[in-house]
Amino acid sequence: MQTFDLLMQGLLVAIQPMNLLYALVGVTLGTAVGVLPGIGPALTVALLLPVTYKLDPAGSLIMFAGIYYGGMYGGSTTSILLNTPGESASIVTALEGNKMARAGRGGPALATAAIGSFVAGLIATIALAFIAPWVVKFALSFGPAEYFALMVLSFMTVSAAFGESALRGLTALGIGLALGLIGIDLQSGQSRLAFGVPDLLDGVEVTTLAVAMFAIGETLSIAGQGKRAPDQIEPVKGSVWMTAQDWARSWKAWLRGTLIGFPIGAMPAGGAEIGTFFSYAAEKKLTKHPEEFGNGAIEGVAGPEAANNASAAGTLVPLLTLGLPTSATAAIMLAGFQQYGLQPGPLLFTNNSSLVWGLIASLLIANFMLLILNLPLVGVWVKLLAIPRPWLYAGILLFATLGTIGANPSVFELGMLLAFGVMGYVMRRFGYPIAPVVVGLILGPLAEQQLRRALAIGQGDPTVLVHSPISATLLFLAFLALVVPLILRARGRGRVLAELAANED
């Protein structure tokens, strides 16, 4: 009952005119960037970090969350009409959605994706509201050792989840942790790795790093690909609405997708992509029309899209309650919180209750806005695909530069923006993930602080880190998060080599 009262109070914050405007701007921008291939919500939120530096924290965070939800919605449009996912989580949608579009059923495919996203987003947001307080109560019992173990778990899961190689993920994380060491040591007051440069005494700005790595790095990466043939867009033929049979085949898939996507999104190293693949596999197994899979089965669009959006709400559970990002967009949102001097975690619910519950309640409103924006205005979103890529990425480059100047008018900061942008391009070029760098910079100093506190309590005895059953369990999970993917990849390579050997024989 207390949760319901808090949610009602949050709605009073969310329906304030300026917050409604922020939500509308967020979901509109999110849908637009979801539609445009290669520009995800993480890049957009990173671009807006310096622009929103002096705005109201509640409104800015509501806008960021709206961008996240909108990006999950919009990614289905290009998957269905272009066979090019706007977001990595929409890859599975393209399997059946584009086949439906080619068969003249692009309208129902877009409709089931939009309605499924709405249903999943609504249920998952309500689940977020009721689950978050329980996680907060559990997290309030954490001491320095438990918090350090939790951050180690976050480091390992982020390194293993992003990118194709755990080693490359750990390397990217190491870069972020090294950058986090720059500046004045909070314990001793001594400068570290500043090399006599006064601008580095305050450390590396998270916003500068995020904008550089995601926006500048992506722009340079696209420019490095050269010209490519224009994409062929499948036209939306016939009615956009669904038939009674489409409804009957979709509603169960929506619910199953929600049940699969939400918990996977909430898990460290879950990620929306895993949930969509699980949902697609479940629908393929449970369908009464197996012959349609691979040729345009509507369940293959409904289930994964629901799982995709449910995972977005699930991602906010560890982010808000524990301060742990489980996706690239969540990592940038964590930087957004820190931009306003806020640290997500159990104390956020105590010290900034109206902000947190206003943010959660705004997601309910954002879902209704997205449903209205996506179904009637699908033609408008498709026209965005006609924007020439050079214009689009030149605009991103300009916007990133002006935003950084506005937040921190310094020649040195612009130099850092360029240097980190080039580093982001090089990392992309060689297959290194970007998100672990940002996570390392944000959580590295906090992990160091908690480690020092734990060792001080234990009078220098390192075994204090495993005295608590909670910290010991978290460190063991961190070990598994690192080792299990390596074992699975090794087994996969072994199986492939065995098959090749058998084929040669």
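**A walk through a helical model**

Let's start with one pair of helices: α4 (residues 57-82) and α13 (residues 328-339) pack with their axes 11 Å apart, at an angle of about 175°. Because angles over 145 degrees count as roughly antiparallel, α4 is roughly antiparallel to α13. On the α4 side, the contact is made by Leu61, Phe64, Ala65 and Tyr68; α13 brings Thr329, Met333, Gly336 and Phe337. Sorted by class, six of the residues in this contact are nonpolar and two are polar, with no charged residue taking part.

Bear in mind as you look around that this is a predicted model. Stepping back from the pair, you will find 20 helices and two strands in the protein. The chain has 505 residues, and 55% of them count as buried.

Which residues have the most contacts inside the largest nonpolar core? They are Phe64, Phe214 and Ile332, in a core of 144 residues. Helix α6 (residues 106-139) supplies the largest share of this core, with 15 residues. Phe64 is a residue you have already met, in the contact of α4 with α13.

Now turn to Phe214. Setting aside neighbours within four places in sequence, Phe214 is in contact with Ala42, Leu43 and Ala46, with Ala328 and Ile332, and with Arg428, Ile434, Ala435 and Val438.

The protein as a whole also joins distant parts of its sequence: among contacts between residues at least 6 apart, 78% join residues at least 24 apart. Finally, the outside: the accessible surface comes to about 21,500 Å², and 68% of that belongs to carbon and sulfur atoms.

Note on methods: Residues numbered from 1 in each chain as written. Predicted model: local features only at pLDDT ≥ 70, side-chain atom pairs only at ≥ 80, totals over all residues. Heavy atoms only, no water. Helix = DSSP H or I, 4+ residues; strand = E, 2+ residues; numbered from the N terminus. Buried < 20%, exposed > 50% of the residue type's maximum accessible area, 1.4 Å probe, protein only. Contact = heavy atoms within 4.5 Å. Areas by Shrake-Rupley, 256 points an atom, 1.4 Å probe, with all protein chains shown as cover. Core = buried A, V, L, I, M, F, W, Y, C linked by side-chain atoms within 4.5 Å. Axes fitted to C-alpha atoms, helices over the stretch in contact; angles between N-to-C directions. Parallel < 35°, antiparallel > 145°, perpendicular 65-115°, else oblique. Nonpolar A, V, L, I, M, F, W, Y, C, P; charged D, E, K, R; others polar.
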